[in-house]
Amino acid sequence: LRHWEWYGQLACGVLAAYLLVAAIQDDQTYEVYDFLHILAVPTGVIFIVDSASREKLLSLAIYAAVQIGIFMRMYGAGDGLVFLVCAIYESRFGKGLSTYLLHMATVFAVLLVVQGVRRNISKKGNLKKPVALVPYIAATVWFFL
């Protein structure tokens, strides 16, 4: 983190706290409470305001539309909002749409491997027993910052 300015380090701390609490909630209740997103989104937006470019904002808008319109219906609104929060913070560090999508793909690849080893995938490709997705999101986001 030393190569980032102080507010970049602060952004990572806020994201880490958010993801820790969200992962614990998701693991225990299979949902993430809205108040966490209400705190994390505006804070993340504040971190990107100083370096917001048209391209960065357009990438976030496209990703949000795809996330809300398609993916949230597949795995749940709470998980989709966690992906959006991660995208906001990733954009703070100059990342774009391809990074957001690569992060999603990595989450599902890791989920597939872990659940495959645990033999929790049915012959139809569904999970036999539901698992919390946010811990996977939290564990993989750091590779994309």
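**Exercise 1. The core**

Which residues have the most contacts inside the largest nonpolar core, and how many residues does this core have? Then assign the core to helices.

Solution. The model is predicted.
- Step 1: The largest nonpolar core has 36 residues, and Y18, L19, V82, F83 and L133 have the most contacts inside it.
- Step 2: At least two core residues come from each of α1 (6-29), α2 (34-49), α3 (54-75), α4, α5 (97-117) and α6 (134-140).
- Step 3: Helix α4 gives the largest share of this core, 8 residues.
- Step 4: Take Y18 as an example. Setting aside neighbours within four places in sequence, Y18 is in contact with L36, H37, A40, L81, V82 and V85.
- Background: in soluble globular proteins, nonpolar side chains tend to be buried together.

**Exercise 2. The length and cover of α4**

Check the span of helix α4 (residues 77-92) against its residue count, and state how many of its residues are buried.

Solution.
- Step 1: The expected span is 1.5 Å times one less than the number of residues.
- Step 2: For the 16 residues of α4 the expected span is therefore 22 Å.
- Step 3: The end C-alpha atoms of α4 are 23 Å apart, which agrees with the expected value.
- Step 4: Of the 16 residues in α4, 14 are buried, so the helix is mostly covered by the cut-off of under 20% relative accessible area.
- Step 5: Just after α4, G94 has a positive phi of about 85°.
- Step 6: The charged end of R92 sits over the ring of F93, 5.7 Å from the ring centre.

**Exercise 3. L84**

Decide whether L84 is buried or exposed, and list its contacts beyond four places in sequence.

Solution.
- Step 1: L84 lies in helix α4.
- Step 2: The relative accessible area of L84 is 13%, so L84 is buried.
- Step 3: Without neighbours within four places in sequence, the contacts of L84 are Y63, A64, Q67, I68 and M72.
- Step 4: Between L84 and H37 there are 9.5 Å in space, C-alpha to C-alpha, for a separation of 47 residues in sequence.

**Exercise 4. Aromatic pairs**

Classify the ring pairs made by F83, and give the accessibility of each ring residue involved.

Solution.
- Step 1: The count of aromatic pairs is 6.
- Step 2: In the pair of Y75 and F83, the ring centres are 5.7 Å apart and the planes meet at 55°, so this pair is tilted.
- Step 3: The pair of F83 and F108 is also tilted, at 6.3 Å centre to centre with 35° between the planes.
- Step 4: This second pair links distant parts of the chain, with F83 in helix α4 and F108 in helix α5, 25 residues apart.
- Step 5: Y75 counts as buried because its relative accessibility is 16%.
- Step 6: F83 has a relative accessible area of 1% and is therefore buried.
- Step 7: F108, at 30% relative accessibility, counts as partly exposed.
- Step 8: Ring pairs join F71, Y75, F83 and F108 into a cluster.

**Exercise 5. Cysteines**

How many disulfides are there? Account for C12 and C86.

Solution.
- Step 1: A disulfide needs two cysteine sulfur atoms within 2.5 Å.
- Step 2: The count of disulfides is 0.
- Step 3: C12 is in no disulfide, and the nearest cysteine sulfur, that of C86, is 11 Å away.
- Step 4: C86 is likewise in no disulfide, its nearest cysteine sulfur being that of C12.
- Step 5: C12 has 6% relative accessibility and so counts as buried.
- Step 6: C86 is buried as well, with a relative accessible area of 0%.

Note on methods: Residues are numbered from 1 along each chain as its sequence is written. This is a predicted model: local features need pLDDT of at least 70, side-chain atom pairs count only at pLDDT 80 or more; totals for chains, interfaces and linings use all residues. Side-chain values use heavy atoms; hydrogens and water are left out. Helices (H or I, at least four residues) and strands (E, at least two) are DSSP runs, numbered from the N terminus. Buried means under 20% relative accessible area, exposed over 50%, partly exposed in between (1.4 Å probe, protein chains only). A nonpolar core is a set of buried Ala, Val, Leu, Ile, Met, Phe, Trp, Tyr and Cys residues joined through side-chain atoms within 4.5 Å. Contact means heavy atoms within 4.5 Å. Rings of Phe, Tyr and Trp (its six-membered ring) pair if their centres lie within 6.5 Å; planes under 30 degrees apart count as stacked, over 60 as edge-to-face and the rest as tilted. A charge sits over a ring if NZ of Lys or CZ of Arg is within 6 Å of the ring centre and within 35 degrees of the ring normal.
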